[in-house]
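Please open the structure in your viewer and keep the selection panel at hand. The tour below goes from one selection to the next and says what is found at each stop.

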Amino acid sequence: MNVTDPIGDLLTVIRNGYRALKPDVEVPASVLKAQICAVLKREGYLADFYQQKDSAGRAVLKIQLKIVGKECALTGIRRVSRPGLRKYVAAKKMPRVLGGMGISIVTTSRGVMTGHEASKANVGGEVLAYVW
């Protein structure tokens, strides 16, 4: 299978897992995906994640979603910068999601962080996703 947007696929798997109220989901592993999951876990949108090998020996990320009853920690997640149209922002123009109620995930020269953390560190970068 040829994947053209692995980050978009990660976000779609997480979104669909929450909609189906699944306790956990799996995606093929990569360093960037693990960093995005670390930001989501730190901000309280994921319960946990870890890397393991599947039955074929490939590395996969097992992501445990944060669901209590029928209440989900994550309401929405949207890809911003995509392979066909990249979106870069300066530190002073970092976007706010839902007036500060959500987060933006930004990849910078200092790693993957939230838009608020990037503004504090005075670094700009590529806006990967909005989460609320």
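**The nonpolar cores**

Begin with Ile36, Leu40, Ile63, Ile105 and Val131, which, among the 25 residues of the largest nonpolar core, are the ones that touch the most other members. To see where this core draws its residues from, colour helix 1, strand 1, helix 2 (31–42), strand 3 (59–65), strand 8 and strand 10, the elements that each give two or more residues to the core. What you are viewing is a predicted model, and its mean pLDDT is 93, with 98% of the residues reaching 70 or more.

Now centre the view on Val131 and display its surroundings: leaving aside residues up to four places away in sequence, Val131 touches Leu40, Tyr45, Leu74, Gly76, Ile77, Val97, Gly102, Ile103 and Ile105. Next, select Val89, Met94, Val127 and Tyr130, which are included in a second, separate core of 10 residues. As background, nonpolar side chains in soluble globular proteins tend to be buried together.

**The largest pocket**

Which residues should be selected to find the centre of the largest pocket? Choose Pro95, Arg96, Gly102, Gly115 and His116, which lie nearest the centre of this pocket, out of the 14 residues that line it. The space inside the largest pocket comes to about 260 Å³.

Then highlight strand 8 (103–108) and helix 3 (115–121), since each of these supplies at least two residues of the pocket lining, and helix 3 gives the most, with four residues. If you colour the lining by residue character, you will find four nonpolar, seven polar and three charged residues.

**Two leucines with positive phi**

Go next to Leu21, in the loop between helix 1 (6–19) and strand 1 (24–28), where phi is near 55°, a positive value in a residue other than glycine. Is Leu21 buried, partly exposed or exposed? Leu21 is partly exposed, because its relative accessible area is 35%, a value that falls between the limits of 20% and 50%.

The second stop of this kind is Leu98, which lies in the loop between strand 7 (88–89) and strand 8, and whose phi, near 50°, is again positive in a residue other than glycine. Leu98 counts as exposed because its relative accessible area is 55%, and the limit for exposed is over 50%.

**Confidence along the chain**

Finally, colour the model by pLDDT and compare two strands: confidence is lowest in strand 5 (residues 71–72), at a mean of 88, and highest in strand 10 (residues 125–131), at 97.

Methods. Residues are numbered from 1 along each chain as its sequence is written. This is a predicted model: local features need pLDDT of at least 70, side-chain atom pairs count only at pLDDT 80 or more; totals for chains, interfaces and linings use all residues. Side-chain values use heavy atoms; hydrogens and water are left out. On a 1 Å grid over the protein atoms alone, a cavity is a set of points where a 1.4 Å probe fits but cannot get out, and a pocket is an open set with protein on both sides within 12 Å along at least five of seven lines; lining residues have an atom within 4 Å of a point. Grid points are joined across faces, edges and corners, and a volume is the space filled by probe spheres set on the points. Ala, Val, Leu, Ile, Met, Phe, Trp, Tyr, Cys and Pro count as nonpolar, Asp, Glu, Lys and Arg as charged, and the others, Gly among them, as polar. Buried means under 20% relative accessible area, exposed over 50%, partly exposed in between (1.4 Å probe, protein chains only). pLDDT is the predictor's confidence in each residue, from 0 to 100. A nonpolar core is a set of buried Ala, Val, Leu, Ile, Met, Phe, Trp, Tyr and Cys residues joined through side-chain atoms within 4.5 Å. Contact means heavy atoms within 4.5 Å.
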